[in-house]
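Let's take a friendly walk through a protein model, starting from its inside. Have the sequence and the 3D view ready as you read.

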Amino acid sequence: MGRFSLVAADEDFIRSAPVRITHRIESEATCESVWQTLTSDGALASWARGITGADWTSARPFGIGTTRTVRAGAFASLNERFFRWDEGHRMTFYVESASLPGFKRFAEDLVLEPTSAGSRLTWTFAVQAQPWFAPILALSRPILERVTRSWADGAVHHTLQGTPQ
């Protein structure tokens, strides 16, 4: 478990967080295939730059209450708990704890919708920083937007490449 506990988040927080970054990616990939990428054992580390590991710490089948630990580099890790799980369509989690300080609340919401050409992935990052960290987060927002966009693009690209899960 991380050393720094965060405040649990909910749907209201996803909609009203002080920092919200949303990416919408349209692709020819089916919702089912993108979902498989998002929930694979190699999820994130296979296609999200900067993420060095992601371990599901709950047994399959996944659902509400599922947990995962995500690592970025040698020192940063986040322990996540999923509070929404609509199989094949939507997953939402908040970070329970982190190995580094700075965040008060952190959540992500991933929604898949079918389109006439394939699917749309809408990935929202919702963050509230600790007061001392808020100015740093505000200054780094352009970088965060690029990095998180690369993660959403990476998930879809990985799916379209048909890389084994």
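## The nonpolar core

In this predicted model, the largest nonpolar core has 39 residues, and the members that touch the most others are L38, L44 and W123. Several elements give two or more residues to this core: the strands β2 (19–27), β3 (53–56), β5 (76–86), β6 (90–98), β7 (103–114) and β8 (119–129), together with the helices α2 (31–38) and α3 (134–161). A second core of 7 residues is separate from it, and includes A17, Y94, A107 and A126.

In soluble globular proteins, nonpolar side chains tend to be buried together.

## A look at W123

Which residues does W123 touch, leaving aside those up to four places away in sequence? Its partners are I21, T22, H23, L38, L44, W47, E108, D109, L110, W151, A152 and A155. Notice that L38 and L44 are in this list, and that both also belong to the largest core.

## Two helices that cross

Now turn to α2 and α3, which pack at an angle of about 115 degrees with their axes 9 Å apart. Because of that angle, α2 counts as roughly perpendicular to α3. The crossing of α2 past α3 is right-handed.

On the α2 side, the contact is made by S33, V34, T37 and L38, while α3 brings A155, H158 and T159. Sorted by class, this contact has 3 nonpolar and 4 polar residues, but no charged ones.

## E32 on helix α2

Is E32, a residue of helix α2, buried or exposed? E32 is exposed, because its relative accessible area is 58%, over the 50% cut-off. E32 and V19 are 13 residues apart along the chain, and their C-alpha atoms are separated by 30 Å.

Definitions and conventions:
Residues are numbered from 1 along each chain as its sequence is written. This is a predicted model: local features need pLDDT of at least 70, side-chain atom pairs count only at pLDDT 80 or more; totals for chains, interfaces and linings use all residues. Side-chain values use heavy atoms; hydrogens and water are left out. A nonpolar core is a set of buried Ala, Val, Leu, Ile, Met, Phe, Trp, Tyr and Cys residues joined through side-chain atoms within 4.5 Å. Buried means under 20% relative accessible area, exposed over 50%, partly exposed in between (1.4 Å probe, protein chains only). Helices (H or I, at least four residues) and strands (E, at least two) are DSSP runs, numbered from the N terminus. Contact means heavy atoms within 4.5 Å. Axes are lines fitted to C-alpha atoms, for helices over the stretch in contact, and angles run from 0 to 180 degrees between N-to-C directions. Angles under 35 degrees count as roughly parallel, over 145 as roughly antiparallel, 65 to 115 as roughly perpendicular and the rest as oblique. A crossing is left-handed if the near helix is turned anticlockwise from the far one by less than a right angle, and right-handed if clockwise. Ala, Val, Leu, Ile, Met, Phe, Trp, Tyr, Cys and Pro count as nonpolar, Asp, Glu, Lys and Arg as charged, and the others, Gly among them, as polar.
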